[in-house]
Every structure is written in C-alpha cells, then in structure tokens.
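Hi everyone, thanks for coming. Today I'd like to talk about aromatic rings, so let's get the picture up on the screen.

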Amino acid sequence: MKTIALGAAALCLAGSAFAAAGLDSRLASPETGFTLGGSLYRLIGGATEAVGDTLFLKAEFYYHGGVSADYENDDHSREGLVDARGARRAEPTDWIERLNRRVRAHAHYHLKRDEKKEMLPFFALAVRLDPKNVEAVLTSAYWLDREFKKPRDAADVLEKGMRDNPGSWEIPLRLAELRFREKNHAAVERLCREALGRAAGKDAERHHLIDLHFWFAESLHALGRPAEALSAYRSALGFYGDEEKSLLRDRISARVTELAPAAV
Amino acid sequence: MNAVFAVARLLVLEIFRKKDAYVAFLLMAVILVYAAGMDFYDERNVVRYLLELGLSLVFFFSVILTAALGARQVPAEREARTLPVLLAKPIRRSEFVAGKFLGTFLAGAAAFTLFYGFFLGVASFKGGVFSAATAGETYLAFLLNLWVLAAVASGLSYFLTSSAGLTLTVLVYFLMNTYGPALKAKAGPFLYFTLPHFEFFDLRQRLVHGWGGLPGDVWAALAAYAFLYALVPLSLGAWRFARENA
C-alpha cells in the first residue's frame with residue numbers, strides 16, 4: 001500500500017504538471033487573472049523546462065510518424081526504416097536487435113494534412129512549460145499560422161513569447177511579419193523598432209535585418225511618414241552588396257526613387 | 001494442478017481486497033478524464049496525446065501493481081509465519097511457486113484489463129480513431145509483458161525482501177523498456193542478453209501512430225521469448241525455495 005501511495009503521489013505530481021501546464025490554453029488567459037505557468041513553476045520548479053523541451057521534441061517525433069528523424073546521417077525527408085528512437089539502420093547483429101527491429105521500427109513518413117493537428121498538444125504544452133524556449137515559441141507560432149491557418153493564435157503565442165523573452169529579437173520579427181501581412185502598420189512599426197533594438201549588437205542574420213527594415217519602411221510609408229520611410233528604405237539597401245541583385249532590392253530601390261524627390 | 005489454482009486464486013482475490021487497484025484506477029481515471037476534456041486551439045478529434053498518456057498510465061499502474069503483488073508474496077508469508085501452515089497442506093513446493101506466479105500474473109492481468117477497457121472507452125469517447133486489431137494486439141503483447149514481469153517479481157521474492165524485490169523489478173522494467181535496445185553498446189553483452197527485454201512487448205507506438213499489427217512470426221517469437229524467459233526466474237526461485245527450511 002505504501003508503494004502504491006508513493007506511486008500515486010508521483011503520478012499526482014505528474015498529472016498536476018500535465019494539467020496545470022494549461023493544456024486548455026484558455027484557462028491561462030489574462031481574463032482569468034490566473035497564471036498556471038506560475039503555479040506550476042512553484043510546484044515543480046525548473047523541471048518544467050526539461051519537460052517542456054521534451055514535449056517540444058515530441059512534436060517533431062509525431063510529425064515524423066512516431067520515429068525520430070536523423071538529420072545528420074540521412075536525408076530526413078526520404079522514406080526509410082528507422083526505429084522508434086531514430087537509431088540508424090545498420091544490419092541487426094543479433095536476434096534481440098532483429099526482433100526489436102521487427103516490433104519497433106517503422107517507415108518514416110510525414111503527417112498528412114488532417115493528422116498534423118496531433119502535434120498541437122505538444123506545442124501548447126512545450127510553450128507553456130518552458131516559455132523561455134524561443135525555438136518552441138517560434139515553431140509553435142509557425143505551425144499555428146502556416147499549417148493550421150490560425151494567425152490569431154499564432155500572434156497570441158508570439159505576444160506572450162515577447163514578454164517572456166525580452167532578449168529575443170526573433171519573436172518580434174515573426175510577429176512583425178504576421179502583422180505586416182494583416183496590414184496592421186502601427187503594430188508593424190512598433191514591432192520592427194522593438195526587434196531592431198533587441199537585435200542591436202547581436203549576430204542577427206542579414207536577410208532578417210533587411211526584412212525588418214523593409215517592413216518598417218513600408219509601414220511608415222503607409223502611415224504617411226515618407227521621410228522616415230525613405231530613411232528606413234535606405235537602411236535596408238545598405239545591407240546589400242554593390243553588385244547584389246534581388247527582387248526585394250529592386251522593389252526597395254523603386255521605393256527610394258519614388259520617395260526621394262518628395263522627401264527633398 | 002488444483003493446488004496451483006487454489007494458491008493463484010488467493011492472489012487474485014488479494015489484489016482486489018487490498019484496494020490498491022481501486023486507488024490506481026481512480027487516479028488514472030481522474031487524469032484521463034481531465035486530459036480528455038482539454039481543448040487545443042479549438043481543433044476537434046486531437047487524440048494521439050490522449051492515447052499516449054492513457055497507455056502510459058495503464059502500463060505504469062499495471063506494472064506497479066503486478067510487481068508489488070509478486071514481490072511481497074513470499075516475504076509476507078514468512079513475516080506472518082503462514083508459510084509452514086501452507087506447506088503443511090498437500091501441496092508441493094513447485095506447485096506453490098507456480099501458484100504464486102500464476103496468481104500474480106492473473107491478478108495483474110485482471111487489473112490491466114480493467115484499466116485498458118476504461119482507457120479505450122475514454123479514447124473512443126474523445127473521438128479517437130484507432131485500429132481495433134492493433135488495440136487487441138497491444139493488449140495481448142502487454143499480457144506477455146506482465147507474464148515475464150510476474151515471473152521476475154515472483155522469482156525474486158524467494159531471494160529478497162518485498163521492498164528490495166519490488167525496487168529491483170521496477171528498476172529492471174524501466175531500464176529495459178527505455179534502454180533495452182541499446183544496452184549492448186551501453187552496458188555490454190552480459191546484461192543485454194540476460195536481462196528481460198520488456199521493450200519487445202510495448203506496442204504503444206504502433207497503436208498511437210497507426211502502424212498496424214505485428215506479423216505472425218513475430219508473435220510466435222514474442223510468445224516463445226515470454227514463456228521461456230519466465231522459466232528462468234521461476235526455476236531459480238523454485239531452486240531456492242526447495243533448499244529452504246519452512
């Protein structure tokens with residue numbers, strides 16, 4: 001009985017973790033005034049981050065049909081036999097390995113359209129349990145926005161991610177991109193400023209900085225502030241090499257040509 | 001043979017009389033029902049997380065109950081001084097060992113059947129689409145798992161105290177279920193070939209991800225492995241028990 005009680009206590013803890021993690025994301029909404037993540041953190045402390053990270057990996061595991069993708073040794077998009085832990089497929093050397101292969105291995109495949117939603121619980125939990133995992137925030141938002149056509153939910157994830165990760169420039173970048181598509185220019189201006197401020201002094205990739213300056217400039221232009229927009233367009237152009245050609249560069253150059261006389 | 005079943009029957013009665021199974025069932029039910037009621041961004045019929053969680057709970061509780069029951073049998077008889085009374089009856093020691101093992105297995109299987117039935121009910125209610133055949137195979141494979149587990153727990157109970165037996169059984173179970181396939185590289189061939197490969201019987205991924213069932217030859221190999229492996233701890237337990245003065 002003592003053993004069962006101990007096991008039960010352990011499972012209660014795990015169950016509370018699972019439950020309090022806010023699988024029902026609406027429970028943790030600002031309207032309720034109750035932050036489940038905070039309660040959970042007090043309950044099991046830093047272990048939540050480890051669980052969150054594991055769940056994030058689990059989402060990828062699900063995406064590959066229940067097997068681990070081996071990105072290093074194989075083209076992961078190729079269909080092929082991998083075991084449930086992603087071990088590579090050298091020929092089995094003994095009967096145990098052979099039997100395990102027959103029981104636990106399966107062809108690698110990607111989830112089909114309607115099956116992809118099976119990853120949602122793991123994204124929701126991963127972000128809830130480890131809000132500091134920027135990669136989890138960005139990936140969850142990407143899937144919500146692009147695959148499940150839920151830009152509002154994606155924006156919620158990114159907004160919260162921005163608050164939880166004040167040092168991340170990638171999150172406001174993605175949120176700016178989302179708002180730019182929605183033509184919410186005031187928000188884009190604010191987010192681009194935020195992202196550029198956070199990216200200062202960091203090793204941000206050039207194409208991201210170009211995007212940020214471009215969206216910033218476009219929003220300022222739409223908001224009727226041509227002089228500031230021109231300055232932002234010129235900043236974006238400054239990232240290109242002299243001989244470099246791209247459609248975006250041509251578009252920015254056209255904007256500069258269009259705005260330069262007006263600004264003068 | 002009647003003596004074997006008489007001993008086994010006592011164990012089946014014990015698991016339901018001691019209420020451990022009810023506590024485990026209640027806890028599992030609360031977690032499962034709560035998890036089933038959760039909503040993810042308003043998407044319907046998201047169930048694989050529930051299948052995975054449910055199967056993990058069902059397997060976990062079944063393993064703990066079976067291992068605890070098997071591991072405490074002989075030490076409890078010794079402690080209560082009922083062993084001499086039992087052995088004074090017309091029962092051979094080998095029948096006693098077989099009865100204790102069979103009872104552990106049947107009691108564990110009964111609890112597992114209850115848990116598994118409830119789990120399938122909740123998963124179906126949530127709108128889960130899964131193969132009934134694979135669900136049946138998952139059930140059968142786990143029964144083989146319990147067969148080996150009951151043999152290990154029961155066999156160890158002739159050598160160890162109940163807490164030591166339980167700890168060792170559960171430790172080996174989780175070790176092998178997690179690292180079994182990679183144990184040769186991590187811990188060498190001795191442990192790899194001697195410890196029971198519980199991971200053979202874990203068909204969770206096949207059910208959750210819809211991989212389908214196992215071919216007949218694999219089933220034959222799994223059944224043969226389970227039955228032959230179970231003989232090892234039971235024979236050792238019987239050998240130890242035969243040398244012991246009641």
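Let me begin with one ring. B:Phe16 is partly exposed, at a relative accessible area of 26%. Please keep in mind that what you see is a predicted model.

Now, how many aromatic pairs does the structure hold over all chains? The total comes to 34. One of them joins B:Phe16 to B:Tyr22: the ring centres sit 6.3 Å apart and the planes make an angle of 50°, so we call this pair tilted. If you're wondering about the partner, B:Tyr22 has 44% relative accessibility and also counts as partly exposed, because that class runs between under 20% for buried and over 50% for exposed.

Okay, next pair. B:Phe60 and B:Phe174 have ring centres 6.0 Å apart, with planes at 40°, so this one is tilted as well. Where do these two rings lie? B:Phe60 is in helix α3 of chain B, residues 48-79, while B:Phe174 is in helix α7 of chain B, residues 162-179. The pair therefore ties together parts that are 114 residues apart in sequence. As for accessibility, B:Phe60 is partly exposed at 23%, and B:Phe174 is partly exposed at 32%.

Let's widen the view a bit. B:Phe60 and B:Phe174 belong to one aromatic cluster, whose members also include B:Phe25, B:Phe61, B:Phe115, B:Phe118, B:Tyr173 and B:Phe198.

Last stop, a charge and a ring. Over the face of B:Phe241 you'll find B:Arg93, at 5.1 Å from the ring centre.

That's it from me, happy to go back to the picture.

Definitions and conventions
Residues are numbered from 1 along each chain as its sequence is written. Chains are lettered from A and ligands numbered from 1 in the order in which they are written. This is a predicted model: local features need pLDDT of at least 70, side-chain atom pairs count only at pLDDT 80 or more; totals for chains, interfaces and linings use all residues. Side-chain values use heavy atoms; hydrogens and water are left out. Rings of Phe, Tyr and Trp (its six-membered ring) pair if their centres lie within 6.5 Å; planes under 30 degrees apart count as stacked, over 60 as edge-to-face and the rest as tilted. Buried means under 20% relative accessible area, exposed over 50%, partly exposed in between (1.4 Å probe, protein chains only). Helices (H or I, at least four residues) and strands (E, at least two) are DSSP runs, numbered from the N terminus. A charge sits over a ring if NZ of Lys or CZ of Arg is within 6 Å of the ring centre and within 35 degrees of the ring normal.
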